[in-house]
Amino acid sequence: MAIHSDDRHSYSRRAHYGAFASYVVALTGAVAGCLAATLWIVDPVGFANLRMLVAEGTAPAARAINTGKGPISDIEDSISAWWRAGSQNRELRENLTNTRRAIIHAHGLEAENAQLRRLLGLTRAETRPIAIAMLLSTSISSTRRYANIDAGFGDGVRSGQPVRSADGLIGRTLEVGPTVSRVLLITDRQNVVPAVRARDGLALLVSGRGDELLDVRALNAAGNPLKIGDVLHSSGSGGLYQPRTPIGVIVRLTMDGGLASPFADPGASVGVIVEPAANADFSEPPAPVEASTDAQSGN
């Protein structure tokens, strides 16, 4: 289809007008540049005044533009913060959790170091320990109270030797293996410890109850002489436990005695020491007759 002649003429006029306008703009820019260069060379002061005049003329527009940057920037920051809020909160929670774990770990190390330092002080006492061991496990949740330590026959440990931590008496060795020993805790029902009250030497008998407390009864005393807060030490009677070993403190009174809370917590103790019996001639009670009879019949 042929193009109409009027369309061709209109297109040619637009092209001519566009080219003419371009020439005018270029020529105007060139003339303005030449005038500005000439004015800068001939009259620098006048050029500076002209420059300031141009700056004053464009200042309102610049102020409006710069004033709008603040709100726009705030809006952008708000949108960015809202968009990143989820990831930031998750990161902050993770950092808080890690910090809490580090603090708990640091407190645990501090308590462990304090216990080990106290144990080191015990090893320098008059009674030389037989072995220093780590407390491997305890059965404090059971009605029978036992603990295992990583010292055995090869370390000089024998059955019937007292075991204590830096805080106080824990129990006595019951079964001894080559490298591991089983300890009967003082909280077990089968364990009885001769004790005294620290402030006046009142003779007491401390026995386990199968829970976290100890049953305390006074010997040769009328009524109930115990008071809450009384501190108990081992007396050394019977030849097993070393004298003056801390045992516990009275926390509750009963009709004929009291209940004491042990100083040493096997669940929180790190290291223990095995001490020799208070009496060098002390020995465990002999085995039951039935066991001896069976052994003879087997031979």
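How many helices and strands make up the secondary structure of the protein chain? In this predicted model, the count comes to three helices and 12 strands. The chain holds 299 residues, and buried residues make up 27% of them. Its accessible surface comes to about 19500 Å², with 59% of that area belonging to carbon and sulfur atoms. Contacts also link parts of the chain that lie apart in sequence: among contacts between residues at least 6 apart, 58% join residues at least 24 apart.

It helps to ask next where the predictor is confident. The mean pLDDT of the protein chain is 75, and 63% of the residues reach 70 or more. Confidence is highest in strand E11 (residues 257-262), with a mean of 94, and lowest in helix H3 (residues 289-298), with a mean of 36. Over residues 285-299 the pLDDT is below 50, and this stretch has one contact in the model beyond near neighbours in sequence.

With that in mind, the strands can be followed into a barrel. Six of them close into this barrel in the order E1-E2-E5-E4-E3-E12, and the pairing is antiparallel. From one strand to the next, the twist averages 40°.

Strand E12 is a good place to look more closely. On one side of the story is strand E1 (residues 131-138), which runs antiparallel to E12 (residues 271-274) and is joined to it by four bridges. Here Ala-131 has Val-274 of E12 as its bridge partner. Strand E3 (residues 162-164) also pairs with E12 in the antiparallel sense, this time over two bridges. In that pairing, Val-163 stands opposite Val-274. Val-274 thus appears in both pairings, as the partner of Ala-131 and opposite Val-163.

Which way do the residues of E12 point? Gly-271 and Ile-273 point one way from the strand, whereas Val-272 and Val-274 point the other way. Such a pattern fits a general rule: in a regular strand the side chains alternate between the two faces of the sheet. In E12, all four of these residues, Gly-271, Val-272, Ile-273 and Val-274, are buried.

Conventions. Residues are numbered from 1 along each chain as its sequence is written. This is a predicted model: local features need pLDDT of at least 70, side-chain atom pairs count only at pLDDT 80 or more; totals for chains, interfaces and linings use all residues. Side-chain values use heavy atoms; hydrogens and water are left out. pLDDT is the predictor's confidence in each residue, from 0 to 100. Contact means heavy atoms within 4.5 Å. Buried means under 20% relative accessible area, exposed over 50%, partly exposed in between (1.4 Å probe, protein chains only). Accessible areas come from the Shrake-Rupley method with a 1.4 Å probe; for residues, only the protein chains shown count as cover. Two strands pair if DSSP finds at least two bridges between them. Axes are lines fitted to C-alpha atoms, for helices over the stretch in contact, and angles run from 0 to 180 degrees between N-to-C directions.
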